[in-house]
Structure formats: C-alpha cells, structure tokens
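Let's walk through this model one helix at a time and see which side chains are covered and which are not.

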Amino acid sequence: MSPTTSPFGPLAVLVDARAGNGTVAHEVDAVERALTARGLGFRLHLAPNSEELRRLSTAALDEGYRFLAAVGDDATVQDVVNGMFRDGRPIVGEAVLGVVGANTVCDLPLSFGLPRDVDDAIGHLTGSNTYPFDLMKIAVSGTDGRREIRYAHNVAEVGFHAAATVASGGAGRFANARRFLGFWRAYVRSRRQTLSIATDRTTLETRAWSVVIGNGQFADGGIRLSPRSFPGDGVLDALVFTGPRSDAYRMLPRIFRHGDHIPDPNITELRAKLKIDIETPHLMPVVADGRYLGTTPVSFQVVPQQILLKV
C-alpha cells in the first residue's frame, strides 16, 4: 500500500462490477491510476453483486478503515451505505464516504455539484473537506410480505415514478429509449388510488398516483425531481401527486426544466423531521436510489448526519 495523503487514513475502494451495465468494471485501471497519481493509499475490491458490496463495506470498517469510496451508480452507494450500519447504528462514528460515479447514472453527487467522471471525482477524495449528510431508513414490505429495513441516501419513489424506474431497466446502452418505454408502460398500468400519508404533525388522506420522498434533489439520471430537498437539512420532503394521471406527461417539460414543477395545485408538499408513513389499500411499488425495494406499506425515517460525505 502506498503512503497516504488523506487525513482520514487509507481508502477502501469498492468498485461495483455491475454498475453501468458492467462498464464500471472496465474503469478499474483508470481508478487505480488516478488514486496513485494523487498519492492516496488504497485497497481496491471489485464486487460482483450487492451482497458482496455490503460485506466488503462492513469488513473494511471492522478492519479499521474509516474512509470508503463507492465506485459506481446510486445503487452502488446504497449498498456501501448499508454495509456501514450494524444493528441500526453506524459501525464507525464519523466514517467518511467518497463517491466516484465513473460516468454512470449516479445522482447523489449532483446535489453537491460533484463531477461524475473518474479523474475529477477522485480529485475530490483528497483534502479534508466533508459534509455531514442525512440518510433515510426505510421499512418496506418485501417480496415475501415481511418488513425489510434498508438505508437509502437520495430519492425514493412510490407508485407511478417507482413503476417507471423499474420498467426502464436501469442505465447502460439505450438508457434513454428504455426510460421512454418504461414511462409509458408505467403510465398504462398506474392508477390514482387512496392513500394515507402520516408525518410528524399531520396525516393526509387523499387520492394520488405517485409520491416522491426527497433527501437529495436529483433522480432518474439527473432529473431535479425533488427541488426543495438537500441531504443535510435534517428533513425529508414528500411530493404527493394528487391531480389527474395525465399530469405524468403534462408536467414533464417543467420537471426537465430545472425542476420547476413545484409549486403546483396538483402536488401536495409535506415535510418531516422524524418520519413519513405511507399506507395504501392496494400495493404500490417502492423504489429508492433507483433500486426496487418492495411495496407499500412503507415508512421513511430521517437518519440525520451519520456519515460524512467527501466533497
């Protein structure tokens, strides 16, 4: 291991071989060159799946590492973050997380103005600048109906937006075409339905076709879906889409145009410092950080400033 110039000690670099439909695996040499050029001491692992990413993240902290770098997309970051917790608590206090998007669909860095390319992103791993950022602790109904716990860092979607994300099939080749097809597949299948949303101070009973829970601002490849959110203010923002289902495409130009779809009379805005609970009589899909987690009922709990993001 080469000498480290980081005040947080050597880096455990966790590369997601699946990210970008496998393109990130081809960036390993570029990652190593960029780290070496900046004199950063590191140990690099190439993980083939989510379970291995979580295991490697946990193992690195147990071995004494304090500084981890996730190389891949938002699902990669989610896996590494989940490996940083045990029994509902951080394994290491004030652990530092760096994010290297490696030209994938990684939306968290956009909330902080961080680059996606390998060389510039690794440049931000040097120095001592960090930002304490919030997470969401999500309790969701899993595939077998049992409650599952998952930590997420960016944006969660319930209903139509979740279904569109699932139908698009992720990033990689022809991603824009898949998003287009996924949007219309979800549109055909989605309906407005009754739901109950409880926050710290209020309970909303309404009919809606989608709910967005924002910790960060950007989702789905750089769309500013939750423009009032910031992952360090100790608050989760909920956007409840209560208008006709045709709003899904009517609002598209405003959503793509710097996220100026709010305020809108057909979007109810809620904020919570503790948690948001969503219950529905009919199951609605739940996605967080671009990954399908399960279905409603679902709860989102604020986990304030447990990890330091390297910026």
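Start with the outward side of helix α1: Arg33, Thr36 and Ala37 are exposed there, on the face turned away from the buried side. Exposed means over 50% relative accessible area, buried under 20%, and partly exposed in between (1.4 Å probe, protein chains only). Helices are DSSP runs of H or I with at least four residues, strands are E runs of at least two, and both are numbered from the N terminus. This is a predicted model, where local features need pLDDT of at least 70, side-chain atom pairs count only at pLDDT 80 or more, and totals for chains, interfaces and linings use all residues. Residues are numbered from 1 along each chain as its sequence is written, and side-chain values use heavy atoms, leaving out hydrogens and water.

Now flip α1 (residues 28-37) over: Val28, Ala30, Val31, Ala34 and Leu35 are buried. Looking down the axis, these buried residues fall within an arc of 165 degrees (taken from the directions from the axis to the C-beta atoms), so they line one face of the helix. An α-helix has 3.6 residues a turn, so residues three or four places apart point the same way. The cover over the buried residues of α1 includes β1 (11-16), β2 (42-47), β3 (67-71) and α4 (118-123). After α1 comes glycine 39, with a positive phi near 70 degrees.

Further along, α5 (residues 160-168) has Phe160, His161, Ala162, Ala164, Thr165 and Ser168 as its buried residues. Glycine 169 follows α5, and its phi is positive too, near 75 degrees.

Over in helix α6 sits phenylalanine 180, which is exposed at 52% relative accessible area.

How values were computed. Contact means heavy atoms within 4.5 Å.
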